[in-house]
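Welcome to a short tour of one protein model. Have the sequence and the 3D view open side by side as you read.

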Amino acid sequence: MSNATQQAEPSRTDRVDPGLSDLLARQVANRPELLQMRMENETIMAECRAAPRDLGECKRKLAALLREFPEFAEDAIYRRPVGKEEGSDRQKIAEGLSIRAAEALAEAYGYNRVRGDVTRIDANTAKVDATFTDFATGRIWQDGRLVSQVATKRDGSQYRINDDRFSDIVCGSAKSRAIREVIVRSVNPALKAWFENECRKITVTLLTEDRMDEMVKAFSGYGINLVQLEAILGRARSLGWTNSERVKALEIFNALNANET
């Protein structure tokens, strides 16, 4: 009796309202971009079924990238202040893989789609959204954040960022950070940790004295002289910067260069 009842029960597909299915089909037909996205998604899913993701192959692709372009390792890491600890003057630091590294991970990972959008909320606020869709696992990670067009100066006074700078730089940087976040959160943690460690090892070999001379000069373009940089690193260059301090200087420079700090 139970089996007969189960056989007679309509499938989930059969229970869908035919009118709703027709409505969805018409919406897709009237919006070519949705139809194209649907076709692209189906193509990616078909390829994924035919050749499932191999994490070993992903690792080999990233290793080949670093062998061919070791300088890329310098752009792969960042470090920036994110405010002071509560009840203390000690600065909290965020560090990790940069947006460039996240893009490389997404490419090597394969079978995914990354999307970023900016939506105006009101005259002074915009919302930045980013989504990472992994077709191999069916996992979707989304992140969103509000961005204000009203900024605060060091003296506490406020001013409104002009529209062009807000749209191109402020929102653009916020979108890049959101995209990085969804990619890094979604990629296999072991693969991500290995890649970051490899980038740091390669970076140490590239930060020669000549390279540090170039970087110190480049810092001046952001209004940071050698004395200020030494204060940030906590050690005078004349005493000899350690590998850790050289990498720290590079991470800070990358964050400045990407408008993250």
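The expected span of a helix is 1.5 Å times one less than its number of residues, with helices (H or I, at least four residues) and strands (E, at least two) taken as DSSP runs numbered from the N terminus. This is a predicted model, in which local features need pLDDT of at least 70 and side-chain atom pairs count only at pLDDT 80 or more, while totals for chains, interfaces and linings use all residues. Residues are numbered from 1 along each chain as its sequence is written, and side-chain values use heavy atoms, leaving out hydrogens and water.

**Overall picture**

The protein has 11 helices and seven strands. Of its 261 residues, 34% are buried; buried means under 20% relative accessible area, exposed over 50%, and partly exposed in between (1.4 Å probe, protein chains only).

**Helix 8**

Helix 8 (residues 189-206) has 18 residues, which should span 26 Å at 1.5 Å a residue, and its end C-alpha atoms are indeed 26 Å apart. Its buried residues are Leu191, Trp194, Phe195, Glu198, Cys199, Ile202 and Thr203. They sit on the same side of helix 8, because they cover an arc of only 165 degrees around the axis (the arc is that of the directions from the helix axis to the C-beta atoms). Pro189 and Ala190, on the other side of helix 8, are exposed. At the start of helix 8, a side-chain oxygen of Asn188 comes to within 3.0 Å of the backbone nitrogen of Ala190.

**Helix 11**

What span should the 15 residues of helix 11 (residues 243-257) have at 1.5 Å a residue? The expected value is 21 Å, and the end C-alpha atoms are 21 Å apart, which agrees. Helix 11 is mostly covered, with 11 of its 15 residues buried, including Val247, Leu250 and Phe253.

**Salt bridges**

A salt bridge here is a side-chain nitrogen of Lys or Arg within 4 Å of a carboxyl oxygen of Asp or Glu. By this rule there are 18 salt bridges, among them these three:

| Pair | Closest N to O |
|---|---|
| Arg100 and Glu103 | 2.9 Å |
| Lys201 and Glu198 | 2.9 Å |
| Arg235 and Glu245 | 3.8 Å |

Arg100 and Glu103 both lie in helix 6 (residues 99-109), three residues apart, about one turn of the helix. Lys201 and Glu198 are also three residues apart, in helix 8. Lys201 is partly exposed, at 46% relative accessibility. In the third pair, Arg235 is partly exposed with a relative accessible area of 31%, whereas Glu245 is buried at 14%. Finally, Glu209, Asp213, Arg237 and Arg246 are joined into one network by salt bridges that share partners.

How values were computed
Polar contact = N/O pair within 3.5 Å; in protein donor to acceptor, adjacent residues only side chain to side chain.
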